[in-house]
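Some labels given to parts of a structure rest on a cut-off, and the questions below ask how each label is earned. Please look at the model first, and then follow the reasoning.

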Amino acid sequence: MASYVIAGASRGLGYQYLQTLNSNPSNTVIGLARNPSAVQSQLAADGIPNVHVLAGDLTSPASLSAAAAEVSKLTNSKVDYLIVNGAYVSDKTSGLTPTGFVGNEELLKADFETSINTNVVGVIYTINAFLGLVKASAIKKVVVISTGMTEPDLIKEAEVAASVTYSASKAATNVVVYKYAVELKSEGVIVLALSPGLVRTGLSEEMYEYLAEVFRKYEPGFKGAISTKESVEAQLKVIGAVTIEQSGEFLSHLGTKRWL
Ligand SMILES: NC(=O)c1ccc[n+]([C@@H]2O[C@H](COP(=O)([O-])OP(=O)(O)OC[C@H]3O[C@@H](n4cnc5c(N)ncnc54)[C@H](OP(=O)(O)O)[C@@H]3O)[C@@H](O)[C@H]2O)c1
């Protein structure tokens, strides 16, 4: 029987984690969301009965500590897998290149602050709030969902100059993952940064096709965006296989350093 906490579980990949993990009745599955009642209603509408949803905001250490105390009661004071999935993905700046911020300096600063607060500081708050429960498990896996958009090879070969604040914040996330891995290795805690691939979570089909075309400059055989179900199933294989020797690494849903 394995226990999973998914932080940022209201929609997209986080919600898919709840759905996929729920299909194994021996799992204890707990989602954290800023608005848990909406997620509970969605789960009820989708006929998913055994998932717990608690309030948890990545930017609020108090909400995360309260959630960890509740989780402890549900799981015999341990968490096998902590998956920090939630992220701030700005729709205001995703299309802007670095020079696109000329005349938009306030937007740049505000967007960077929100990106860092959620995607870097929020990740640290979340891991720190749950680390005691993770250490009490025999499995001890912490996974932070990142993005291949941080990788120089992909940026260079696909010529992706946009998505500045998001990609830069996630690159910092990857460094944070490595820091945790180094600190916690002697205690057997495995920490992984994991890219989910290009996944359909709400953009238009035209946008996914546009992105696929851009990414084919990096991966000529790229078939296009995958479903949340495909991505989560692939991610779970990587999470299951990752070892303490690999702790700190940044891998893709393919289990490699190829991102698509
Ligand atoms: N989809 C892709 O193609 C793709 C590619 C590369 C990486 N990723 C990464 O995969 C992860 C999931 O992406 P997605 O596409 O599923 O994103 P999404 O559909 O935009 O969902 C983002 C999730 O993050 C949550 N969130 C944001 N800020 C939060 C906060 N302060 N506290 C708690 N939860 C918060 C959102 O909750 P609310 O409903 O409360 O806003 C939502 O559940 C992210 O880390 C993203 O960077 C996705």
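Q: What makes Arg200 and Glu205 a salt bridge?
A: In this predicted model, the closest N and O atoms of Arg200 and Glu205 are 2.7 Å apart; a salt bridge needs a side-chain nitrogen of Lys or Arg within 4 Å of a carboxyl oxygen of Asp or Glu, so the pair of Arg200 and Glu205 qualifies.

Q: Why is Glu205 called partly exposed?
A: The relative accessible area of Glu205 is 45%, and because partly exposed covers what lies between the buried limit of under 20% and the exposed limit of over 50%, Glu205 belongs there. Arg200, at 36% relative accessibility, is likewise partly exposed.

Q: Which residues do salt bridges that share partners join into one network?
A: Glu209, Glu213 and Arg216 are joined in this way, and a search of the whole structure finds ten salt bridges.

Q: Why is Asp80 called buried, and what is Lys78 called?
A: Asp80 has 2% relative accessibility, and because buried means under 20%, Asp80 counts as buried. Lys78, at 23%, is not under that limit and so counts as partly exposed. These two residues form a salt bridge with each other, their closest N and O atoms being 3.1 Å apart.

Q: Which parts does the salt bridge of Lys135 with Glu187 tie together?
A: Lys135 lies in helix α4, whereas Glu187 lies in the loop between α6 (164–184) and β6, so the pair ties together parts that are 52 residues apart in sequence. The closest N and O atoms of Lys135 and Glu187 are 3.1 Å apart, which means that they meet the limit of 4 Å.

Q: What makes β3 and β7 edge strands?
A: The open sheet has seven strands in the order β3-β2-β1-β4-β5-β6-β7, with parallel pairing, and β3 (51–55) and β7 (250–252) each pair on one side only.

Q: How do you know that β6 and β7 pair?
A: Two strands pair if there are at least two bridges between them; three bridges join β6 (residues 190–195) to β7, so the condition is met. Among the partners, Ser195 in β6 is bridged to Ser252 in β7.

Q: Which residues of the largest nonpolar core touch the most other members?
A: Of its 46 residues, these are Leu32, Leu82, Ile127, Phe130 and Phe215, while helix α4 (residues 105–135) gives the most to this core, with seven residues.

Conventions
Residues numbered from 1 in each chain as written. Predicted model: local features only at pLDDT ≥ 70, side-chain atom pairs only at ≥ 80, totals over all residues. Heavy atoms only, no water. Helix = DSSP H or I, 4+ residues; strand = E, 2+ residues; numbered from the N terminus. Core = buried A, V, L, I, M, F, W, Y, C linked by side-chain atoms within 4.5 Å. Buried < 20%, exposed > 50% of the residue type's maximum accessible area, 1.4 Å probe, protein only.
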